[in-house]
Amino acid sequence: MNDGSRVNWVKLDPKDGIILLKENNKIKENSFNNGSFVRIFDQEGKQIRNGFFAYLDRFEGGYDILISDINNNPANEEILVNGDGVIRIYQDGKEISSFKPYDQKFRGEISFAVSDLNGDGTKEIITGAGAGGGPHVRIFNKEGKPLIGGFFAYKPHFRGGVNVAVVDLNGDGTREIITGAGTGGGPHVRVFSKDGKPLTGGFFAFQENFSGGVSVSVGNVDGEGEKEIIVGSGAGDRPLVKVFSKDGKFLKEFRAYEEGLDYGIKVMSYDLNRDGKDEILASTIGF
């Protein structure tokens, strides 16, 4: 029956089929896995809109994509595409640059974010090596030139990788780099200066013995000015989202998906409805 319903899931009998039309949704300033399903929540964990598939059909499914104005030219947004160990930057449908943030042999996933770290009006690209690489955080300009030597967010021999987010946590005009340990490490969230100096001891977002990793994002979810740190559970745990203050004080948690989904969720934060509060976005595809 074609009743125009907006749904999160549909149960079909054998040999039945259905055509679903998704709303036009564009996630900006956050990397998303191309083809992943995303649900949208407010600060209390209430789902405020139906979920949608985040997908750009020009690019391969499973690659990470980030849409942002990195050149300080709002008329021409850039699309950063991350796959097989390479970051490629597109503008007006054309590839304008590409680079490998890590060793030429590394073809694993890469966590990345963009932000103007040095105040020059253009955004830098901040990367974290994924599973199989060390927890190495690096910073590049838009041409792929490394700006600093980078730093290890956790012990260098750890091979589970690191997830990154960037934001001005305390409103002082200086942006901080937030990290979450990848698979195999404890759910340790840390905060660093752009030079790799740890600013706090960090905190454990879940039980310390949980080794499925943790995704990280930052947003102003309550509209009160200060940013909150948002985390998502990695593989092996319930699909939980937690919200912490900038100092690591626990504020809220909620389950983003049904019990049984235990392969990890990725969190993002973006003001989709332009009400001055960032929504919390939780993606089904792991990191």
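This section describes the overall dimensions, sheets, aromatic pairs and selected residue environments of a predicted model.

The protein chain contains 21 strands and 0 helices. Its radius of gyration is 18 Å, close to the 19 Å given by the globule rule for 287 residues, so the chain is as compact as a globular protein of that length. The C-alpha trace spans about 60 × 45 × 40 Å along its principal axes. Of the 287 residues, 52% count as buried. The accessible surface of the protein chain amounts to about 14200 Å², and carbon and sulfur atoms supply 46% of this area. Among contacts between residues at least 6 apart in sequence, 48% join residues at least 24 apart.

Two of the sheets are considered in turn. Strands of a sheet pair through backbone hydrogen bonds, in either a parallel or an antiparallel manner. One open sheet comprises 4 strands in the order β8-β9-β10-β11, with antiparallel pairing. Strands β8 (110-115) and β11 (151-152) stand at its edges; each has a single partner strand, so one side of each is left without a neighbour in the sheet. Within this sheet, β9 (residues 124-129) and β10 (residues 136-140) run antiparallel and are joined by 4 bridges. I126 has I139 of β10 as its bridge partner.

Another open sheet of 4 strands follows the order β12-β13-β14-β15, with antiparallel pairing. Its edge strands are β12 (162-167) and β15 (203-204), each of which pairs on one side only. Strand β13 (residues 176-181) is connected to β14 by 4 bridges, and the two strands run antiparallel. The bridge partner of I177 in β14 is F192.

Aromatic side chains provide further links between strands. The structure holds 9 aromatic pairs. In the pair formed by F99 and F140, the ring centres are 4.9 Å apart and the planes lie at 40°, so the arrangement is tilted. F99 belongs to strand β7 (residues 94-99) and F140 to strand β10, so the pair ties together parts that are 41 residues apart in sequence. Both F99 and F140 are buried. For F151 and F192, the ring centres are 4.8 Å apart and the planes are again at 40°, so this pair is tilted. F151 lies in strand β11 and F192 in strand β14 (residues 188-192), and the pair thereby links distant parts of the chain, 41 residues apart. Burial applies to both F151 and F192. F192 is thus an aromatic partner of F151 and the bridge partner of I177. Elsewhere, F203, F244 and F250 form one aromatic cluster. An interaction between a charge and a ring is also present: the charged end of R58 sits over the ring of Y90, 5.9 Å from the ring centre.

Three individual residues illustrate local packing. F32 is placed in strand β1 (residues 31-33). Its relative accessibility is 4%, below the 20% limit for burial, so F32 counts as buried. Beyond residues up to four places away in sequence, F32 touches I27, A54, Y55, L56, Y63, D64, I65, I67, K266 and M268. The C-alpha atoms of F32 and L169 are 22 Å apart in space, with their positions 137 residues apart in sequence.

P101 occupies the loop between β7 and β8. At 0% relative accessibility, P101 counts as buried. Residues up to four places away in sequence being excluded, P101 touches G85, I87, I110, T127, R138 and F140. One of these contacts, F140, is also the aromatic partner of F99. P101 and V86 are 15 residues apart in sequence, and their C-alpha atoms are 7.1 Å apart in space.

S115 lies in strand β8, an edge strand of the sheet with the order β8-β9-β10-β11. With 6% relative accessibility, S115 counts as buried. Its contacts, not counting residues up to four places away in sequence, are K123, E124, I126, V166 and R175. Among them, I126 is the residue bridged to I139 of β10, while V166 falls within edge strand β12 (162-167) of the other sheet described here.

Technical notes:
Residues numbered from 1 in each chain as written. Predicted model: local features only at pLDDT ≥ 70, side-chain atom pairs only at ≥ 80, totals over all residues. Heavy atoms only, no water. Pairing = 2+ DSSP bridges. Phe/Tyr/Trp six-rings, centres within 6.5 Å; stacked < 30°, edge-to-face > 60°. Buried < 20%, exposed > 50% of the residue type's maximum accessible area, 1.4 Å probe, protein only. Lys NZ or Arg CZ within 6 Å of the ring centre and 35° of its normal. Contact = heavy atoms within 4.5 Å. Rg over C-alpha atoms; globule rule 2.2 N^0.38 Å. Areas by Shrake-Rupley, 256 points an atom, 1.4 Å probe, with all protein chains shown as cover.
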